[in-house]
Amino acid sequence: MKRSTTIGVGLVLGAVLTTSACGGGADSAGGGGDGTWTIPASDPTATIDVVGIVDPVSEGMDEVVAAFEADHPTIDVNYQYVPFDDLNSVLDSRITSKTGDPDLFWVDQPRVPALAARGYLEDLTAQFSPHTGALQEATVAASTYQDKLWSLPISNSTQLLYYNLDLLEAAGVEPPSTDPAERITWQQLKEDAATVQSEGGAANGLLLGQPNRYYQLEPLPVSAGGGVGAAGEDNLTPAVDNEGWVESMTYYGSLFADGVHPRGIPAEQTNATFLAGDTAYMVEGNWMVGKLADSDLNWGAALNPVWEGGEPATPNGSWSVGINPFSQDKEAAAVFLKWLALDGESGYAEHRPYAELPANLAGLEAYLAGPAFTGSEAGQQAAEVIAHETANTSVPRVSTVGYIEFEEIIGRAFSDIANGSDPQGALEGAQQELVNAWQQYQ
Amino acid sequence: MTTTTAPDAPATAPGRRRGRGLATIVVFLAPAVLAILLLRVVPFVGAIRSTLFTREGVGLLAEERFSGLANYVTLFSDELFRETLVRTLVFNLVLNPLQIALAMVVALLLTQRLPARGLWRTAVFIPCTIPLVGSSIAWGVALRPDGPANGILSALGIGPQPFFTSPSQALVSIMVVASWVGIGYWMLFLIAGLNDIGEEFYEAAALDGAGRWRTFWSITLPMMRRPLLFVLVADTVANFVLFVPVQLLTNGGPENSTTLLMFDAYRRTYTYSTPNLGATSTVVLTLIMLLIVAVQFRLLRDRD
Amino acid sequence: MSTTTSPPVPGARAVPGPGAAARRRPSFSGPRLQRVLLLVLLTTAAALVALAFMLPTVWMLLGSLRPGSQVISSVSPLGWHTLVPETWTLENYAALFGQLGFGRSMANSLWVALWSVVIGLALSIPAAYVLSVLRFRGREAVFAVLVVGFMIPFEAIAIPLAQVFTEWNLNNTYLGLILPGIGNGLAIFNMRQFFLGVPISLREAALIDGASELRIMTRLYVPLSVTTIINSALLIFLAQWSSYLWPLLVISDQAKQVAPIAIARTFTDTEFNFGQMFGGALLISVVPALLLFLLQRYFTQSVARSGEK
């Protein structure tokens, strides 16, 4: 026994030493990379690894890659699809192994500050800042943190109020408007939705495309005057328990308590539920337009609702692409990035048509001229709404290094409120949790 | 040491065979032990070490600094974490015996000589072969407030239940999903154990005039001690590290009612990218498991 | 083998009764009618239990045979069409095997799982054998290491281990997928529990006949433990078959990706195809379910007790 124990201890000790020698103390925090590279005038010969959340086949990313390789034959792109929920784990593992794989990767725009602070993103200010005029301002702002550009946006998003015209007509309810002067209020929407339920036979009055998610709900407190959720230097002081938040979240809870919005329907089930045809209204992103255009539903689109007496607000943001600071092929990566986001209508938007709202201005124009938006009256309404909201009312999600914790904690509070918890109590709890979680950044 | 082990091991080999005996032990044991040491234990020792460090900044690239038990202090001074700890214990104390009892009932039923027995066994086993991602999502749809489960309950006159949307039912609903997956799996190992009980014992019991109930308690159960110990330990470990249904169905809510320790550890490690706190949470979890498993070994140890 | 926690067992293990070969549960005594009734009752119970476990699976199966979005539109209100599709289609399976490359991923998963079982058993059987029949210093300590080994949540060590694998150039290799599955302490524990119950007199007799430990293990213990070895193989198989996080971390080459990750391709941040996802999940379950169904015939009453002369 004694001998084997000694051997065991020896092994374990050896292990500890090895681990601490190779895995332990990292060289330095903050963005690696020396920043001396440029966007080359002629293409280097290289193979670059790219990690993204767009499916190679069913979402057409293979075609995007093929189009790039045709334009830039000396650069091979090795694209790897990673499920959206697992992007974080994969990046944690790959980037911190410092091998430079992947060279480029997809970044959720509100996470730019968090990833920049973790040292996962190369500073692109010197190389790309001069060219960002081709992109929607809000998406560039969302890719920027502490006045530095950390990634290039390839897509954007906004929310629209969709409705089932047949159900509204059956109930004799006037459809909401696309005219900014006539924008429907959240309060009115709730009343109308209840009317369509009682008079028009709708099972559900209203559906939010992504219930309990900050992206979806942010416009409510902002429009009610409660702000985006954090204040102070670097947005590290949580502010989710003020009057605007409590009032708007009391409204949110009442949607469920009064049976206007069904409980327990997660985001992945909402689109199919609305398409099933027994829901009066749905607030959902622009990606719903294509699905509705393909369906038999008699639908329409209107401006996102506004809080009674408040300013209109809509969410924005989508995906950016960033460069790994440990990449061995930053110049080739930059060529791909430039092609993806900037060249022409942006290669990404041009070769993946109608999938996402392009961040590129020329791309957006072409996008809104496509058949899904011109082929029907409802499509034209949607195009009108998207053009107006992205240019005038969009409010980026809170820009903070603590975004990941924020999104998670506030999402749980939203979920509790939807399930019947007292809004004030839930928000105060979230406020306290955020104070604790953000201590590490102070 | 040599003299204290169970007598079902053979008498020690005579001296001349000693060297060969040692060689056998090393050759037979070393590959498995090495694989487990290198691929499990050593990385875990690294994880334990990391619980004694905090980072200067955020993320995995930030420099580590020795900080003693600071991570443990952080965790245990968090009321939510202490609640999670208690909840995890209650979850396991309720679920594990229940699952094993049900698996035992099903195993007893499906070791009787019945027509199409293999088919029934396979049906019960199938849920554990479906990837948890898929079955969790399916249960999420089935237990929607307006979903088919509530349709059936309403038809039976029970009325719709809130399931995952209610703090008082969400954890129980998770238990249902976990049991649907687990029972068929543990049944297999119990069937193997039941098949191993010689007929002669049942015949002797029948001769003594013992009924089914008495036979079960005096023959079956004692003879099942070894497979039961395995199932008990394995089920305990499986349920302590369960987190996929929580992650997909409730995200720990409502009101934290389904936040279990492994979910907490997973979230700290992968969602928040705070590996040191995540490792600390995992180490606490593993220590608790060790304690419980040690008790189980004591309760069901071989005394012969 | 005597027990202290229960009434003495009639007939100690080492001395089996004479009727072992008869293979007859003695409990079915009594009049014939009663026996038939009991059989009907038990069969009904078995069928009901099977139905309870199968119902969600059947619903998933039928869901995978309707157009993707109809899974949700059919759940409410409850009716005949909640279960049975209005429109039958194979489009979900066509998409899975076509654009999602499910066939390739399944083949990869099968390759990885089978090799893990072969290597895993080759490692575990000798270890379990030594731990249950030989006595030596540190036996308990080694066993404790194995127990701790299977209690370690894999998620806790996945990222550091993935970085070690990167250093060893095991990324994008089948070996990188197989290795973490081969050291399965749970399988060793399972077999040890069974080997402990094999009468020691059998081994002693073989030793006197001059058999080596290897021979005793392969010719005596393995044939006596077929059910347990199948269970251990299934244990290793299922662990690898359902592994998700690890392949995600070490495989970036689509051609080497495994089936559980292909399932994740049925949903994105804004798209969710329930029909495809249910179909994919069921396809994954077919292989182990079929394995179990076919291996059933080895799930016989153990010959251990009657094999001793």
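**Exercise 1. Determine where helix H15 of chain C bends, and compare its end-to-end span with the expected one.**

Solution. H15(C) bends by about 30 degrees at C:Val286, where the bend is the angle between axes fitted to the seven residues ending at a residue and the seven starting there. A proline, C:Pro288, follows within four residues of that position. The helix itself is a DSSP run (H or I, at least four residues; strands are E, at least two), numbered from the N terminus. For the span, take 1.5 Å times one less than the number of residues; the 22 residues of H15(C), 274–295, should therefore cover 32 Å, and the end C-alpha atoms are indeed 32 Å apart, which agrees.

The model is predicted, so that local features need pLDDT of at least 70 and side-chain atom pairs count only at pLDDT 80 or more, whereas totals for chains, interfaces and linings use all residues. Residues are numbered from 1 along each chain as its sequence is written, while chains are lettered from A and ligands numbered from 1 in the order in which they are written.

**Exercise 2. Characterise the fold of chain C by its elements, burial and contacts.**

Solution. Begin with the elements: chain C has 16 helices and zero strands. Next, of its 309 residues, 51% count as buried, a residue being buried if 20 or more other C-beta atoms, placed from the backbone, lie within 10 Å of its own, exposed if 12 or fewer, and partly exposed in between. Finally, two residues are in contact if their C-beta atoms, placed from the backbone, lie within 7 Å; among contacts in chain C between residues at least 6 apart in sequence, 77% join residues at least 24 apart.

**Exercise 3. Describe the sides of chain B and chain A that touch chain C.**

Solution. For chain B, 103 residues are in contact with 108 residues of chain C, and helix H1 (residues 18–50) of chain B gives the most to its side, with 17 residues. By class, that side has 66 nonpolar, 21 polar and 16 charged residues, where Ala, Val, Leu, Ile, Met, Phe, Trp, Tyr, Cys and Pro count as nonpolar, Asp, Glu, Lys and Arg as charged, and the others, Gly among them, as polar.

For chain A, 33 residues are in contact with 25 residues of chain C. Elements giving two or more residues to the side of chain A include helix H1 (2–22) and strand S2 (75–81), but the largest share, five residues, comes from H12(A). The side of chain A comprises 13 nonpolar, 13 polar and seven charged residues.
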